[in-house]
Amino acid sequence: MAKDFDPSGRMPDYFTNAGTSSFTQFLNHASPELLPGRRPLPPGLSADIAPHATTIVAIATAEGVVMGGDRRATMGNLIASRDIEKVHPADSYSLIGIAGTAGIGIELMRLFQVELEHYEKIEGTMLSTDGKANRLAGMVRGNLGAAMQGLAVVPLFAGYDLSPADPAKVGRIFSFDVAGGLYEETGYDAIGSGSLFAKSALKKKYRAGLSTDDAVRLAVEALYDAADDDTATGGPDLTRKIFPVVMSATANGTHRLTEAEITAVAEQVVAGRMENPGG
Amino acid sequence: MAMQFYASPEQVQRDRSEYARKGIARGRSAVVLTYEGGILLVAENITTLRKISEIYDKIGFAAVGRYNEFESLRRAGIRMADVNGYSYDRRDVTGRFLANAYTQTLGAIFTETQKPYEVEICIAQVGSSPETDELYRITYDGSVMDEPGFMAMGGQAEAISNVLRERHDATAELPAALALAAQALGSVGGENGQTRKLDQKQLEVAVLDRRRKGRAFRRIQGPALIQLLEGLKDVLDKDLGGVDAAPPPPPAADKPTVSAAAEEDAADKPEAEPTDPAAPADGVNGDGS
């Protein structure tokens, strides 16, 4: 960044002008090399050069939302990571999970976190839940070129809505496609390679107005079903004590289930499957 | 073509300094001081436009003078901090780095442009104890001073500083620190040299809470500020002092601390300055005319 400063030491005017409250728009002027989606890629498919992150599920509850993700990243037939974390808080009241090329996904997620915080600090107020989702859709759209060469990344966004249009619907879930399409989901959604199986499990078990605890259990069950049928999704690893990352967003803010909490839930789910493998 | 009169560089600098100092002295004041639990930032401010802001995790910003000028500096600080934190790590953003950038910028503006900025700003970085707190005062000409635990700027800053110098105590708790700040700000500006008693509507208050992980900045307003000004500290110990975790308090009215969520409520009010010609000229938005 220092190279941009003129010899007098004065900041360049794009630092001080009123222009934009968006961090990504600002980076466009200040340090475009920090933005994803504008690096020239060699022609051809490059899908297998980097680890892929897999299944994420999100469930709307009576109090907000719950989001869970398995811990596996794959590279072709190899397990690239057993303990990658793919679900993160986006800000105090919302969560983001990523599936697809892990490196680009993590960069997108970090940028999105800064984007939300930046807006909050500049404007002194938080973006609306829909505003956050739209912003994320724009960032996914920027990655379309890389996506067409096999480096696709698709996030799942869910949050507690502080000013919902319908007071009964405080938990909101948004899914995206690689072209930046934005879709609001009702009740639950899943993304990633195991999403087909996770969604089928959720379809059978989901009921509107779940409590957060029930939704956590349901998320772990759905991830178990995904791991059951999809090699790229990791199940609860009892030998290494690696369990899914599960987070909730409610009026109290975001909360990541502690090791002890998630261990208890995962052990219950595994014990249940000992009796009945189909859940 | 008319000949320009010769003015010596000394004269030009003196004129600019005088111009900037006058502009700053016309406005209302702000004070920043350390206390046991963090750093307290208080500005006398009757508008909804803000003089105090969050910059980064441990760093806060307070300013006096012309609003448009310090607002653009505030934005620049947030932008620089976020770019640095994004490209390195959150821990790599420091108050000194920001103070350096501000001093360079204000210095260049002072020497190169016709009109200097009529602002004085404070960059505060909270540490793990009052001894490790950092307060930087950056003035209109780009000079920077590392202040010892308290500072006053704008208006009759000298008189306010004297009150703080006599009574500042880095081991005081928040209600005592706020009472001192309010008294110091009220020690000037009364009729016939009387002191004034400032209430919740006249004060903009925020803290950098040293016990919080992550973003330490908390704005204190509404019922919480009233309680605090009345010296109720039990309520606050629970919510400010004791809270160490990331989850913000829910946006319920009975919670004294103010999260970003509650700020949203406050922001529902129109942000524009009331254009009442009878309203007293406030330094926050102009030249005092």
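**View 1. Five strands of chain B line up as an open, antiparallel sheet in the order β3-β4-β5-β6-β7.** The model is a predicted one: local features need pLDDT of at least 70, side-chain atom pairs count only at pLDDT 80 or more, and totals for chains, interfaces and linings use all residues. Residues are numbered from 1 along each chain as its sequence is written, while chains are lettered from A and ligands numbered from 1 in the order in which they are written. A word on terms: helices (H or I, at least four residues) and strands (E, at least two) are DSSP runs numbered from the N terminus, and two strands pair if DSSP finds at least two bridges between them. At the edges sit β3 (52-56) and β7 (144-147) of chain B, each pairing on one side only. From one strand to the next the twist averages 25°; axes are lines fitted to C-alpha atoms, for helices over the stretch in contact, and angles run from 0 to 180 degrees between N-to-C directions. Inside this sheet, β5 (residues 119-125) and β6 (residues 134-138) of chain B are antiparallel partners over five bridges, with B:A124 opposite B:L135 in β6(B).

**View 2. Helices α2(B) and α3(B) pack on that sheet.** α2(B) touches β3, β4 (59-65) and β5 of chain B, and its direction makes about 165° with that of β4(B). Here, contact means that the C-beta atoms of two residues, placed from the backbone, lie within 7 Å. α3(B) touches β3, β4, β5, β6 and β7 of chain B, at about 5° to the direction of β6(B).

**View 3. The same two helices, α2 (residues 67-87) and α3 (residues 95-112) of chain B, pack at an angle of about 135°.** Their axes are 11 Å apart. That angle makes α2(B) oblique to α3(B); under 35 degrees counts as roughly parallel, over 145 as roughly antiparallel, 65 to 115 as roughly perpendicular and the rest as oblique. The crossing is right-handed, a label used if the near helix is turned clockwise from the far one by less than a right angle, with anticlockwise giving left-handed. Look for B:L73, B:G77, B:M80 and B:A81 in α2(B) meeting B:L98, B:A101 and B:Y102 in α3(B). By class, that is six nonpolar, one polar and no charged residues, where Ala, Val, Leu, Ile, Met, Phe, Trp, Tyr, Cys and Pro count as nonpolar, Asp, Glu, Lys and Arg as charged, and the others, Gly among them, as polar.

**View 4. Another open sheet in chain B has five antiparallel strands, ordered β8-β1-β2-β9-β10.** β8 (150-153) and β10 (217-220) of chain B stand at the edges with a single partner strand each, so one side of each has no neighbour in the sheet. The twist averages 15° from one strand to the next. β1 (residues 30-35) and β2 (residues 38-44) of chain B share six bridges, and B:V31 faces B:V42 in β2(B). Helix α4 (residues 157-167) of chain B lies across β1 and β8, at about 160° to β8(B). Helix α5 (residues 174-186) of chain B lies across β1, β2, β8 and β9 (203-209), at about 30° to β2(B).

**View 5. β9(B) is covered on both faces.** Seven of its seven residues are buried, meaning 20 or more other C-beta atoms lie within 10 Å of a residue's own (exposed is 12 or fewer, partly exposed in between; C-beta atoms are placed from the backbone). B:L203, B:V205, B:V207 and B:D209 are on one side, with B:E204, B:A206 and B:L208 on the other. Seven antiparallel bridges tie β9(B) to β2(B), where B:V42 stands opposite B:V205. Four bridges join β9(B) to β10(B), and there B:L208 is opposite B:F217.

**View 6. A:Y119 sits in helix α3 (residues 102-123) of chain A.** A:Y119 is buried, with 21 other C-beta atoms within 10 Å. Beyond its neighbours within four places in sequence, A:Y119 is in contact with A:S21, A:S22 and A:L127. The C-alpha atoms of A:Y119 and A:T20 are 9.2 Å apart, although 99 residues separate them along the chain.

**View 7. Where the chains meet, 30 residues of chain A are in contact with 31 residues of chain B.** On the chain A side, α1 (13-16), α2 (23-30), α3 and β13 (253-256) each give two or more residues. The largest share, six residues, comes from α3(A).
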